[in-house]
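Please open the structure in your viewer and keep the selection tool at hand. The stops below say what to select next and what is to be found there.

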Amino acid sequence: GGGGGGKGGKPEKKTVEGGADIDDLAKKMKMTTAFRKKILGLLVGSFDADEFLLSLNSLNLGTADAREVARVVVDVCGQEKKFNSYYTSILLKMIEDDPKEVRMTVCLMFKDVTKDLGTARRARNLGKLAGNLICDGGVDFMYAFRDVDFLNPGEETVVFGVYLFSVLFSEWSEGELTAFVGRMCRDRGYADEILSFLVKFVAGWKGNEEGSVWRRNYRFTMKGIERGGVAGAR
């Protein structure tokens, strides 16, 4: 996987429309503790992920605080009007600095938020975030998303899954997809659940165009699951 902004594009600066007051913004985003409001202020005030992390490091946070920062980053990303790879960059750098604690926290956060995604916008943003983190090795799909109901998904789960898989099909190599399919097919029931979701909801994605990398990877994955794993993927 790539570095800074994930494979999802160039890192963007975090912007707050209309220069919103941080107290008003914290209230709107339900950042209810002084610590969460402080982290929101750093997110808003930093030019990029490096500046944010520099400010964060100056606070000399403990492990528990670092976990809370990761939760705030995921939460704020979900509330944005559109997805911003700024948050991917921050989480990947935090995971790089403290792989065990931060990766576990992000995985558990996704396990929690996917139970109730709330809105289509939040589902879209978090689907893109998840896809980019998976592509860059920040999050393990089988651990973080094994409990998501892809067989009988609600409307927001469909949005989340479509954006997640679309990032994977846009960015992953055949080798990465082969490994993914092989792991998935160890649980035949789960593999069939994913296959059903891909057929029903992902096949119609706008990226599914003749000759595109997306279509090649989509078909590659479908064939791999249908044939039971790595051996049949090609």
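Begin by selecting Arg188, Ala191, Ile194, Leu195, Leu198, Val199 and Val202 in H11, and then add the residues they meet in H12, namely Trp214, Tyr218, Thr221, Met222, Ile225 and Glu226. This is a predicted model, and in it the residues of this contact divide into 10 nonpolar, one polar and two charged. With the cartoon of both helices displayed, helix H11 (residues 188-202) and helix H12 (residues 213-226) can be seen to pack at an angle of about 145°, their axes lying 10 Å apart, and H11 passes H12 in a left-handed crossing.

While H12 is still selected, pick out Arg216, which is found in this helix and which is partly exposed, with a relative accessible area of 45%. A distance drawn from the C-alpha of Arg216 to that of Glu174 comes to 9.2 Å, although the two residues are 42 apart along the chain.

Next, zoom out to the whole chain. The protein has 12 helices and zero strands, and 50% of its 234 residues count as buried. Among contacts between residues at least 6 apart in sequence, 73% join residues at least 24 apart.

Now turn to the interior. In soluble globular proteins, nonpolar side chains tend to be buried together. The largest nonpolar core here has 72 residues, of which Leu43, Phe52, Phe110, Phe141, Phe145 and Phe165 touch the most other members; helix H9 (residues 155-171) gives the most to this core, with nine residues. Centre the view on Phe141 and, leaving aside its neighbours within four places in sequence, show its contacts, which are Ile134, Arg146, Phe150, Leu164, Phe165, Phe180, Tyr190 and Ile194. One of these, Ile194, also belongs to the H11 side of the opening contact.

Ile134 leads on to helix H7, where it is one of the buried residues. Select residues 120-135 to see H7, whose 16 residues reach 22 Å from the first C-alpha to the last, close to the 22 Å expected at 1.5 Å a residue. H7 is mostly covered, since 12 of its 16 residues are buried, among them Arg122, Asn125, Gly127, Gly131 and Asn132. To see what covers these buried residues, display helix H4 (63-79), helix H5 (86-97), helix H6 (99-113), helix H8 (141-144), H9 and helix H10 (174-184), which are included in the covering. Just beyond, H7 is followed by Gly137, whose phi is positive, near 80°.

From H7, move across to H5, which has 12 residues and reaches 17 Å from its first C-alpha to its last, close to the 16 Å expected at 1.5 Å a residue. H5 too is mostly covered, with nine of its 12 residues buried, including Tyr86, Tyr87, Thr88, Ser89 and Met94. The buried residues of H5 pack against helix H2 (34-45), helix H3 (49-57), H4, H6 and H7.

For the last stop, select Leu56, which lies in helix H3. Is Leu56 buried or exposed? At 7% relative accessibility Leu56 counts as buried, because the cut-off for that class is under 20% relative accessible area. Not counting residues up to four places away in sequence, Leu56 touches Ile39, Leu42, Leu61, Val69 and Met94. Finally, draw the C-alpha to C-alpha distance between Leu56 and Leu42, which is 7.7 Å for two residues 14 apart in sequence.

Methods: Residues numbered from 1 in each chain as written. Predicted model: local features only at pLDDT ≥ 70, side-chain atom pairs only at ≥ 80, totals over all residues. Heavy atoms only, no water. Axes fitted to C-alpha atoms, helices over the stretch in contact; angles between N-to-C directions. Helix = DSSP H or I, 4+ residues; strand = E, 2+ residues; numbered from the N terminus. Left-handed = near helix turned anticlockwise from the far one by under 90°. Contact = heavy atoms within 4.5 Å. Nonpolar A, V, L, I, M, F, W, Y, C, P; charged D, E, K, R; others polar. Core = buried A, V, L, I, M, F, W, Y, C linked by side-chain atoms within 4.5 Å. Buried < 20%, exposed > 50% of the residue type's maximum accessible area, 1.4 Å probe, protein only. Expected span 1.5 Å × (residues − 1).
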